[in-house]
Amino acid sequence: MKAPLVVIIMGSKADGQHCGKIASALDALGIESVRRIGSAHKTPDHVSAMLAEYEACGRPRVYITVAGRSNALSGFVDGAVDAPVIACPPPSEAFGGADLFSSVRMPGGVAPALVLEPANAALLAAKILALADPELAVRVQAFRRANAETILADDAAIINNDAGRRLA
């Protein structure tokens with residue numbers, strides 16, 4: 001089986017820092033990713049050619065799109081590919097959160113997932129790809145177990161600190 005790939009497509013260079021967080025989380029899970037720039041509004045032919053290249057590569061893949069404001073990129077990509085698409089728009093204060101509506105409401109038949117936290121977008125991509133990759137499934141399980149162990153350790157520490165106030 002070919003190694004899985006996550007294609008991170010940002011609408012502009014300004015989204016680079018947000019995409020870096022996604023790529024770092026994917027690296028931590030041992031998943032190869034590639035970052036690209038393309039705009040559904042300004043360079044639709046470029047995005048289409050890019051998508052055709054990745055769709056023909058034969059590797060299991062997930063697309064993560066990072067575009068703010070009107071976020072046509074997520075719908076454009078989802079409408080053009082068979083693989084799952086995760087929209088992970090960058091945070092914005094400019095529109096009081098109203099710009100998220102373009103990611104939440106898509107036309108019928110266009111269904112990218114929406115995940116706002118970069119690391120969680122990477123985790124969802126990992127879970128999807130792990131369905132067909134047992135080695136990746138083990139890494140996802142280890143990641144989840146480590147998260148649970150952190151919570152349990154924090155709980156044990158607080159119980160020890162509050163020992164005199166515990167219920168009997």
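What follows is a conversation about a predicted model of one protein chain.

Biologist: What is the overall make-up of the protein chain, in helices and strands?

Modeller: The protein chain has five strands and six helices. Along the sequence they come in the order β-α-β-α-β-α-β-α-β-α-α. The C-alpha atoms fit a box of roughly 65 × 45 × 30 Å along the principal axes. Of the 168 residues, 38% are buried.

Biologist: Why is the contact between Arg59 and Glu32 called a salt bridge?

Modeller: The term asks for a side-chain nitrogen of Lys or Arg within 4 Å of a carboxyl oxygen of Asp or Glu. The side chains of Arg59 and Glu32 meet at 2.7 Å, N to O, so the pair qualifies. Arg59 sits in the loop between α2 (44-55) and β3 (61-66), while Glu32 belongs to strand β2 (residues 32-37), so the salt bridge links parts that are 27 residues apart in sequence.

Biologist: Why is Arg59 called buried?

Modeller: Buried means under 20% relative accessible area. Arg59 has 19%, so it counts as buried.

Biologist: And what makes Glu32 partly exposed?

Modeller: Partly exposed covers the range between buried, under 20%, and exposed, over 50%. Glu32 has a relative accessible area of 43%, and therefore belongs in that range.

Biologist: How many salt bridges does the structure hold?

Modeller: There are three. One of them joins Glu53 and Arg36, at 3.9 Å from N to O. Because the cut-off is 4 Å, this pair is counted. Glu53 is in helix α2 and Arg36 in strand β2, so parts 17 residues apart in sequence are tied together.

Biologist: Which exposure class do Glu53 and Arg36 fall into?

Modeller: Glu53 is partly exposed, at 46% relative accessible area. Arg36 is also partly exposed, at 21%; buried would require a value under 20%.

Biologist: What makes Arg61 and Glu55 a salt bridge?

Modeller: Their closest N and O atoms are 2.9 Å apart, which is within the 4 Å limit. Arg61 has a relative accessible area of 15%, so it is buried. Glu55, at 21%, is partly exposed.

Biologist: Which residues form the nonpolar patch on the surface?

Modeller: Val104, Leu114 and Leu116 form it, with about 240 Å² of accessible area together.

Biologist: How do you know that Leu116 can belong to a patch?

Modeller: A patch residue needs over 30% relative accessible area. Leu116 has 42%, so it passes that cut-off, and it is partly exposed. Leu116 is found in the loop between β5 (113-114) and α5 (118-130).

Biologist: What is the volume of the largest pocket, and which residues are closest to its centre?

Modeller: Its volume is about 460 Å³. The lining of the largest pocket has 22 residues, and Ser12, Asp15, Ala67, Gly68 and Arg69 are the closest to the centre. By class, nine lining residues are nonpolar, nine polar and four charged.

Biologist: Why is Gly68 not counted as nonpolar in that lining?

Modeller: In this scheme Gly is placed among the polar residues, so Gly68 counts as polar. Ala67 counts as nonpolar, because Ala is on the nonpolar list.

Biologist: What lines the second largest pocket?

Modeller: The second largest pocket has a volume of about 210 Å³ and 17 lining residues, with Pro89, Pro90, Pro91, Ser92 and Leu100 nearest its centre. The lining divides into seven nonpolar, seven polar and three charged residues.

Definitions and conventions:
Residues numbered from 1 in each chain as written. Predicted model: local features only at pLDDT ≥ 70, side-chain atom pairs only at ≥ 80, totals over all residues. Heavy atoms only, no water. Patch = residues over 30% accessible without salt bridge, like charges linked within 9 Å, V, L, I, M, F, W, Y side chains within 5 Å. Areas by Shrake-Rupley, 256 points an atom, 1.4 Å probe, with all protein chains shown as cover. Helix = DSSP H or I, 4+ residues; strand = E, 2+ residues; numbered from the N terminus. Buried < 20%, exposed > 50% of the residue type's maximum accessible area, 1.4 Å probe, protein only. 1 Å grid on protein atoms, 1.4 Å probe; cavity = no way out; pocket = protein on both sides within 12 Å on 5 of 7 lines; lining within 4 Å. Points joined across faces, edges and corners; volume = space filled by probe spheres on them.
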